[in-house]
Amino acid sequence: MTVRLRWQEPLCTALLATTMIGTCQTSAAAQPSPGSDGYVHVSPDGTVLGADPYYPKDGNGGYDVSGYSLALDYAPYSMLLRGKATITATATQDLSRFNLDLRGLTVRSVTVDGVAAAFRREGEHELVITPRNPVTEGTRFTVVVGYDGRPEPISTARGRVGWLATSGDSAVATGQPHSAMTWFPVNGTEVDKATLRVSVTVLDEFSVTGNGFQVSDSPAGHGRHTVTLAEDTALAPSTAMLGIGRWEVERITLPGGRTAINAYHPCAVDKRKIGGRLPEVLEFLTGKFGDYPQSAAGGLFLDRSLGYTHGAQTRPVYGRTATVADLVYATAYQWWGAGVSGKMWRDALMPESIARYAVWLWDEAKNGADLDRRYRELVARVRDDAGFWAPKLTDPGKGTEFAPTTKAVLMVHALRRLIGDEAFFQIVAGFPVINPQGNQNWHDFELYVSAMTQRDLGEFNHAWLDGTVRPPDELLFPGK
């Protein structure tokens, strides 16, 4: 670890300087300041972009998290969660205080490097922490938060996200955009990816699934056990998940001999015919996108309707109505979404569009679908629908980040036809490779496409990505 030291001017030199200019002011030492409430984005050229315009209170500044370690105790019948979160981070400035995101739940204690810290709750989800001793820039520090309560989900336009529980049955943490804060304190921004280790103590009749691999399963007193899971590849908070239930677990062999783990609610075992196709789907997608970028694979299949499929890192979550198309999408999301993620939530459709288009590619290869015909039929259906074309793909609007998904998929097919298959497939495979577990926005993607094609795609980008009306026919049907 490199510790940056601030050079301070010797006191005698400072006094001499002030005397020479005719003043006798005392040099004031720089004081540590609070970290920002809301993560402040900065472009590579140093331009300050500010907080996420959709969710400006999500995420926090002043530190970078390297890992979360959670010790949870869950009572399925009372639906009470007790937790201890150990958060390891590095200060990016001198900190007098800093925030974490935690919605609901009661915080019982906070320590910073083993010393009790003052804390208070503010707004919908801010946990404001004031350490006894300021944290110096470049210092690695550890925060431990003790908390408990009954987690509550968040209602969104897509459905409820966060902690979804039924008394005596399952509890599942799933969904986007900001579900993690409903069950553990987190720096809730996509650009602060971190490892995640979760230990859950629960009744013996319940099993646990989550991101990554199972590390251990050990007794924890009469009729209880503790399951520990670890995801050592840094993940964005929105791709974290957890499932506690009476799962029926199935292990399946993947191409190359690796093992994937699928878990099914007892009332969703009919989804085995879908989950069992994961090896086939992975083999197909690696042929399009390159080597699988994650450390583990599998899924959780529920008996409840979600309104969405959550492409959680290594362990997507599927609702009652899931189909093979959802399996293809969620698996593609491991490259485009969990792998390379957006920077702000207005960028959500950048990875989402390619992950959704993977379903078209599957239909083309496996079901003989004529994608040009599908595209033309969809365009004809919405050609005069002003509302369909109105959202900007680069800025669809708060709460509707995922709403123009069909328009985004149409854009991808139009781009494919404009630049040709060779360049298109080089791009969809290459962009995640040069940004492994990274964060990029629409502008980054536009630059990459232009560089790979050596073409000025300004008119296409303006019409499709930033446009609010139907693109002109020459861009709606490029290469016709």
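Which residue in β13 does Trp-163 stand opposite? The views below come from a predicted model, and the second one has the answer.

**View 1. The whole protein, before zooming in.**
Let's start with the overall picture: the protein has 12 helices and 22 strands. Its C-alpha trace spans about 80 × 70 × 40 Å along the principal axes. For 480 residues, a compact globule would have a radius of gyration near 23 Å, and the protein comes in at 24 Å, so the two agree. Buried residues account for 55% of the 480.

**View 2. Trp-163 and its partner across the strands.**
Here's the answer to the opening question: Trp-163 sits opposite Ala-173 in β13. The strands to look for are β12, covering residues 159–165, and β13, covering residues 171–174. They pair in the antiparallel sense, with four bridges between them.

**View 3. The open sheet around β12 and β13.**
Pull back a little and β12 and β13 turn out to belong to an open sheet of five strands. Read across, the order is β11-β12-β13-β18-β15, and the pairing is antiparallel. At the edges are β11 (154–156) and β15 (207–210), each pairing on one side only. On average, neighbouring strands in this sheet are turned by 20 degrees against each other, ignoring direction.

**View 4. The β19–β20 hairpin, with β21 alongside β20.**
Strand β19 (residues 248–253) runs antiparallel to strand β20 (residues 259–264), and six bridges join them. To find your way around, pick out Glu-248, whose bridge partner in β20 is Tyr-264. The two strands make a hairpin with five residues in between. Look for Gly-256 in the turn: its phi is positive, at about 95 degrees. β20 also pairs with strand β21 (residues 298–301), this time in the parallel sense, over four bridges. Ala-263 is a handy marker there, with Leu-300 as its bridge partner in β21.

**View 5. Inside the largest cavity.**
Where is empty space left? Rolling a probe the size of a water molecule over the atoms shows it. In this protein the count is six cavities of 30 Å³ or more. The largest has a volume of about 80 Å³. Its lining includes Gln-176, Glu-190, Tyr-333 and Gly-337. Also in the lining are Ser-341, Gly-342, Lys-343, Met-344 and Trp-345, along with Ala-348, Pro-351 and Phe-402. Sorted by class, the lining of this largest cavity has six nonpolar, four polar and two charged residues.

Notes
Residues numbered from 1 in each chain as written. Predicted model: local features only at pLDDT ≥ 70, side-chain atom pairs only at ≥ 80, totals over all residues. Heavy atoms only, no water. 1 Å grid on protein atoms, 1.4 Å probe; cavity = no way out; pocket = protein on both sides within 12 Å on 5 of 7 lines; lining within 4 Å. Points joined across faces, edges and corners; volume = space filled by probe spheres on them. Nonpolar A, V, L, I, M, F, W, Y, C, P; charged D, E, K, R; others polar. Pairing = 2+ DSSP bridges. Axes fitted to C-alpha atoms, helices over the stretch in contact; angles between N-to-C directions. Rg over C-alpha atoms; globule rule 2.2 N^0.38 Å. Buried < 20%, exposed > 50% of the residue type's maximum accessible area, 1.4 Å probe, protein only.
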